[in-house]
Amino acid sequence: MNGKVVCVTGASGYIASWLVKLLLEKGYTVRGTVRDLGDPRKTDHLRQLDGANERLHLFQGNLLEEGSFDEVVDGCEGVFHTASPFFNTVTDPQVELLDPAVKGTMNVLRSCAKASSVKKVVVTSSIAAVAYNERPRTPDVTVDETWFSSAKLCEENKSWYVLSKTLAEDAAWKFSKEHGIDMITINPAMVIGPLLQPTLNTSAAAILNLINGATTFPNFSFGWVNVKDVANAHILAFEVPSANGRYCLVESVAHFSEIVDIIRRLFPIITLPERCVDDKHMPVYNVSKEKAKSLGVTFITLEESLKETIESLKEKKFSK
């Protein structure tokens, strides 16, 4: 695959940093966009990757600025759009989450539509855009790529992050069909595993909270997947000719009680919360792995992912 030129938006992010690393290892030339080229926390870890000196070119890119991706994607064969904010506490959902997700995705796709070089676009979506609708998620239910989250329900529940990913993916499919763009979405659940970037990301923070003195654990069941598998799935989606549509990426669905149990087995010396924040105990459900496996994804186990996450958090001095 040597010599192909691809673009990664939001290159300093958690998934994107791994994507850049794996692309460079495979011989690609990578054009990465970051919000601020002058911020070493966004660029240093990328510039230190093997192959970065020769084949990584960083550009400033603003999601909300029309046309700011034109120059970067022109001449690229593939575009990986990973840039989208992910955090749970917001004061102005429209400004902080919805606009960057929806308008940002549209800006990147418009640039792709103008660039005759672009053969395929891979968009980092989320299981958030898949699993949140009126259908119950219970142990006998299997969520798959045919599910779509309900924007109306997300708005009613004030699930702003889920809404941002749902609206962005919906708009992306409409635009790509209208403009004949070959687009694929990758829809991972909670992404964990080693951190390349120096800053703490939201999904790793969920694990950090458990090991840093929390007295209770959340009453949530989430899908979990390793960041390396997610990055690899993006590359497979670009490289495999038959890749199409959406790909849910979930190694397993587990309640936080199970996450705590696994960590306790792996790291007996860590003090962990003993009880759930409430006693309703949300059920687990299933997410189909079939389509992801057909792409060539092999999943790292949840246990291994948790081990890597905690070792990485310790190494980067986030945990005590």
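In this predicted model, the side chain of asparagine 212 has a polar atom 3.3 Å from the backbone oxygen of phenylalanine 318. Asparagine 212 sits in the loop that runs from helix H8 (202-211) to strand S9 (216-217). Setting aside neighbours within four places in sequence, the contacts of asparagine 212 are Phe318, Ser319 and Lys320. With a relative accessible area of 24%, asparagine 212 comes out as partly exposed, because the buried class stops at under 20%. As for tyrosine 161, which is 51 residues away along the chain, its C-alpha atom is 25 Å from that of asparagine 212.

The stretch that asparagine 212 touches has a backbone oddity right beside it. Lysine 317 shows a positive phi of about 65 degrees, even though it is not a glycine. This lysine belongs to the segment after helix H12 (302-315), and at 69% relative accessible area lysine 317 is exposed. Lysine 158 tells a similar story: its phi is near 55 degrees, again a positive value in a residue other than glycine. Lysine 158 is placed in the loop between helix H6 (151-156) and helix H7 (160-178). It too is exposed, with a relative accessible area of 57%, since anything over 50% falls in that class. A third positive phi, this one in a glycine, turns up just after H8, where glycine 213 takes a value of about 100 degrees.

How much of H8 itself is buried? Eight of its ten residues are, so the helix is largely enclosed by the rest of the structure. The buried residues of H8 are Ser203, Ala204, Ala205, Ala206, Ile207, Leu208, Leu210 and Ile211. The cover over these residues includes helix H1 (14-25) and H12, together with S8, S9, S10 and H10. H8 also lies across S8 and S10, and runs at about 75 degrees to S8.

On the other side of H8 in sequence, asparagine 201 lies in the loop between S8 and H8. Asparagine 201 counts as buried, at 14% relative accessibility, because the cut-off for that class is under 20%. Its side chain makes a polar contact of 3.0 Å with the side chain of glutamine 197. Beyond its neighbours within four places in sequence, asparagine 201 is in contact with Tyr14 and Leu195.

The strands that H8 crosses belong to an open sheet. That sheet has three strands, ordered S8-S10-S12, with mixed pairing. Strand S8 (190-192) and strand S12 (252-255) are the edges, each pairing on one side only. From one strand to the next, the twist averages 45 degrees. S8 and S10 run parallel and are joined by three bridges. Isoleucine 192, for its part, has asparagine 226 in S10 as its bridge partner.

Strand S10 also brings in the aromatics. Six aromatic pairs turn up across the whole structure. One of them is phenylalanine 222 with phenylalanine 256, an edge-to-face pair with 5.9 Å centre to centre and 75 degrees between the planes. This pair ties together distant parts of the chain, 34 residues apart: phenylalanine 222 is in strand S10 (residues 221-226), and phenylalanine 256 is in helix H10 (residues 256-266). Both phenylalanine 222 and phenylalanine 256 are buried. They are members of one aromatic cluster made up of Phe220, Phe222, Trp224 and Phe256.

Two arginines also pair up with rings. Arginine 246 lies over the face of phenylalanine 148, at 3.8 Å from the ring centre. Arginine 137 does likewise over tyrosine 285, at 5.2 Å from the ring centre.

That leaves threonine 33, which is in strand S2 (residues 29-34). Is threonine 33 buried or exposed? It is buried, with a relative accessible area of 2%. Leaving out neighbours within four places in sequence, threonine 33 is in contact with a run of residues comprising Cys7, Val8, Thr9, Gly10 and Ala11, and also with Phe59, Gly61, Phe69 and Val72.

Methods: Residues numbered from 1 in each chain as written. Predicted model: local features only at pLDDT ≥ 70, side-chain atom pairs only at ≥ 80, totals over all residues. Heavy atoms only, no water. Helix = DSSP H or I, 4+ residues; strand = E, 2+ residues; numbered from the N terminus. Buried < 20%, exposed > 50% of the residue type's maximum accessible area, 1.4 Å probe, protein only. Contact = heavy atoms within 4.5 Å. Phe/Tyr/Trp six-rings, centres within 6.5 Å; stacked < 30°, edge-to-face > 60°. Lys NZ or Arg CZ within 6 Å of the ring centre and 35° of its normal. Polar contact = N/O pair within 3.5 Å; in protein donor to acceptor, adjacent residues only side chain to side chain. Pairing = 2+ DSSP bridges. Axes fitted to C-alpha atoms, helices over the stretch in contact; angles between N-to-C directions.
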